[in-house]
Amino acid sequence: MANFKPGANPFDVPNTLFPQKDKPAETVQTGEPMRLPIEKLKPFSKHPFKAYDDEKLKGLSESIREHGVITPIFVRPIEDEKYEYEIISGHNRVQASRLAGLDEIPSTVKELDDEVATILMVDSNLEQRENILPSEKAFAYKYKLEAIKKQGSRKGITSTQVALKLQSNDVVGKEANESGDTVRRYIRLTHLNNQLLEKVDERKLAFIPAVELSYLSKKEQGLLVDVLTREENFGVPMKQASILKNMSQTKSLTFEQIDQIMTAKTSNTVSSFKVPYKKVQDFFPKTVTPREFEETIIEALAYYFEHQQDLDLDR
């Protein structure tokens with residue numbers, strides 16, 4: 001899939017880029033925007049992005065009431081008893097227009113198969129939204145990865161599922177300016193239960209430990225939530241998260257085991273730790289920023305703990 005240039009219309013794609021399933025590419029409609037009844041618009045079936053909060057939606061509604069909808073929404077025709085079109089991009093504009101008392105909204109219509117529609121829905125939201133939550137990224141990457149894999153399977157891109165999965169991870173990551181491993185970690189978050197995922201969004205549960213905890217069964221995650229709720233602290237250290245993950249893969253964890261691990265007193269614990277830059281400066285360019293330095297160290301530690309067993313075997 002091609003990269004979209006900043007400022008470019010992510011929906012202005014050549015027909016040959018995303019050929020339609022069981023349908024010639026030239027049948028894709030790319031006409032001028034038309035006004036569609038809001039009541040005939042259906043939200044996208046797999047839409048992981050949350051709606052604007054009341055205050056932001058109200059502000060958008062007031063702007064639309066005064067100036068109208070400046071940028072048309074993007075939809076595709078569907079077969080449905082109640083609706084005629086599915087929204088690809090513009091869910092908040094639709095809701096704000098409804099709040100402003102409008103019955104119609106300017107829309108660009110294009111026929112798309114499920115995979116292309118999903119990819120464009122994800123790309124447009126990632127490009128246009130600010131302050132995207134970890135849970136939103138997690139499901140967005142998951143849906144896009146599934147769509148790319150389905151496209152690849154139909155086109156016979158690769159003969160093995162493993163190669164296709166690796167290739168797809170890299171594609172999703174490259175277009176989001178993130179590594180394939182980072183994409184994979186985000187997708188792991190979709191295995192968390194709602195309570196833990198919510199704490200990740202609230203920044204009360206750190207990203208990397210949350211990835212480790214995603215390997216626990218849903219039952220074990222529920223028990224962990226009970227322990228953390230009792231302690232009124234959802235901060236799970238990386239060490240405890242890795243211990244829980246490794247123990248869970250051997251045998252199902254009990255409440256008592258989880259409680260013991262999370263409440264164990266550890267000696268020689270420090271509240272803060274800093275890596276002296278002089279000791280690692282040879283690994284970084286002189287132009288590295290503090291944020292890039294910190295993120296690289298965290299990525300390296302995450303890789304180490306994730307592959308610690310393999311590294312020990314290689315010694």
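Tyr186 is a buried residue of this predicted model, with a relative accessible area of 12%. Its ring pairs with that of Phe207, the two centres being 4.7 Å apart and the planes meeting at 45 degrees, so the pair is tilted. Because Tyr186 lies in helix α6 (residues 180–188) and Phe207 in helix α8, this pair ties together parts of the chain that are 21 residues apart in sequence. Phe207, at 23% relative accessibility, counts as partly exposed. Together with Tyr141, these two residues form one aromatic cluster.

The count of aromatic pairs in the model comes to three. One of them joins Phe139 and Tyr143, whose ring centres are 6.1 Å apart and whose planes stand at 45 degrees, so that this pair is tilted. Both residues belong to helix α4, where they are four residues apart, or about one turn of the helix. An α-helix has 3.6 residues a turn, so residues three or four places apart point the same way. Phe139 is partly exposed, with a relative accessible area of 22%, whereas Tyr143 is buried, at 17%. The cut-off for a buried residue is 20%, and the values for these two residues fall on either side of it.

The relative accessible areas of the residues discussed in this report are set out here.

| Residue | Relative accessible area | Class |
|---|---|---|
| Glu212 | 4% | buried |
| Tyr186 | 12% | buried |
| Tyr143 | 17% | buried |
| Phe139 | 22% | partly exposed |
| Phe207 | 23% | partly exposed |
| Asn131 | 74% | exposed |
| Glu232 | 74% | exposed |

Helix α8 (residues 207–213) also contains Glu212, an acidic residue that is buried, with a relative accessible area of 4%. Leaving aside neighbours within four places in sequence, Glu212 is in contact with Met238, Ala241, Ser242 and Lys245. These four residues are also among the buried residues of helix α10, a list that further includes Gln240, Leu244 and Ser248. Lys245 has a second partner in Tyr215, since Lys245 lies over the face of that ring, at 4.1 Å from the ring centre. A similar arrangement occurs elsewhere in the chain, where Lys56 lies over the face of Tyr52, at 4.4 Å from the ring centre.

Helix α10 itself covers residues 238–250, and at 1.5 Å a residue its 13 residues should span 18 Å; the C-alpha atoms at its ends are 19 Å apart, which agrees with that expectation.

Two loop residues deserve a separate remark on their backbone. Asn131 has a positive phi of about 55 degrees although it is not a glycine, and its place is in the loop between α3 (114–128) and α4 (134–155). Glu232, likewise a residue other than glycine, has a positive phi near 55 degrees and is found in the loop between α9 (218–231) and α10. Asn131 is exposed, at 74% relative accessibility, and Glu232 is exposed as well, with a relative accessible area of 74%.

Taken as a whole, the chain contains 14 helices and five strands, and buried residues make up 39% of its 315 residues. Of the contacts with a separation of 6 or more, 73% are between residues 24 or more positions apart. The accessible surface of the chain comes to about 19,300 Å², and carbon and sulfur atoms account for 50% of that area.

Technical notes: Residues are numbered from 1 along each chain as its sequence is written. This is a predicted model: local features need pLDDT of at least 70, side-chain atom pairs count only at pLDDT 80 or more; totals for chains, interfaces and linings use all residues. Side-chain values use heavy atoms; hydrogens and water are left out. The expected span of a helix is 1.5 Å times one less than its number of residues. Buried means under 20% relative accessible area, exposed over 50%, partly exposed in between (1.4 Å probe, protein chains only). Contact means heavy atoms within 4.5 Å. Rings of Phe, Tyr and Trp (its six-membered ring) pair if their centres lie within 6.5 Å; planes under 30 degrees apart count as stacked, over 60 as edge-to-face and the rest as tilted. A charge sits over a ring if NZ of Lys or CZ of Arg is within 6 Å of the ring centre and within 35 degrees of the ring normal. Accessible areas come from the Shrake-Rupley method with a 1.4 Å probe; for residues, only the protein chains shown count as cover.
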